[in-house]
Amino acid sequence: MKPLISTFFLLSLMFLSTSPPVVSLTCRPTELAPCAAAILYSLPPSDACCSKLKEQKPCLCQYQKDPSLRGYVNSKNSKKVGTACGVPPPSC
């Protein structure tokens, strides 16, 4: 019976060690710098912009609540960039 328990324990350890690491998201508005030209000057968003926007999507409500960022998040151009990147406006 002991070998069975040892085998189970070893298999459990192997399974746990192969699981992907949990990556936490840090909300930093500066991460959206690649979107500045698209938002400020109505230019088409770059691939880097769309990638960062998708990455920062969980942070958009937080940015929308910040008085210094609210205007950017709610702007017409931000909504156009979000639509072009496939990121809907936040509904907070």
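## Tyr41 and the nonpolar patch

In this predicted model, Tyr41 lies in helix H2, which covers residues 36–41. The relative accessibility of Tyr41 is 60%, so the residue counts as exposed, the cut-off for that class being over 50%.

Tyr41 also takes part in a nonpolar patch on the surface, together with Leu40, Leu43 and Tyr72. The area of this patch is about 470 Å².

## Gln56 in the loop between H3 and H4

Helix H3 (47–55) and helix H4 (60–65) are connected by a loop, and Gln56 is found there. With a relative accessibility of 1%, Gln56 is classed as buried, a class that requires a value under 20%.

The side chain of Gln56 forms a polar contact of 2.3 Å with the side chain of Tyr63. When residues up to four places away in sequence are left out, Gln56 touches Leu25, Thr26, Cys27, Arg28, Glu31, Leu32 and Tyr63. Tyr63 therefore appears both in the polar contact and in this list of neighbours, whose count is limited by the 4.5 Å contact criterion.

## Lys52 in helix H3

Lys52 belongs to helix H3. Its relative accessible area of 23% makes Lys52 partly exposed, as the value falls between the limits of 20% and 50%.

Outside the residues up to four places away in sequence, Lys52 is in contact with Glu31, Leu32 and Pro34. Glu31 and Leu32 are also among the residues that Gln56 touches. Between Lys52 and Cys35 the C-alpha to C-alpha distance is 8.2 Å, with a separation of 17 residues in sequence.

How values were computed
Residues are numbered from 1 along each chain as its sequence is written. This is a predicted model: local features need pLDDT of at least 70, side-chain atom pairs count only at pLDDT 80 or more; totals for chains, interfaces and linings use all residues. Side-chain values use heavy atoms; hydrogens and water are left out. Helices (H or I, at least four residues) and strands (E, at least two) are DSSP runs, numbered from the N terminus. Buried means under 20% relative accessible area, exposed over 50%, partly exposed in between (1.4 Å probe, protein chains only). A polar contact is a pair of N or O atoms within 3.5 Å; within protein, one must be able to donate a hydrogen and the other to accept it, and residues adjacent in sequence count only if both atoms are side-chain atoms. Patches are made of residues with over 30% relative accessible area and no salt bridge: like charges are joined within 9 Å, nonpolar side chains (Val, Leu, Ile, Met, Phe, Trp, Tyr) within 5 Å. Accessible areas come from the Shrake-Rupley method with a 1.4 Å probe; for residues, only the protein chains shown count as cover. A salt bridge is a side-chain nitrogen of Lys or Arg within 4 Å of a carboxyl oxygen of Asp or Glu.
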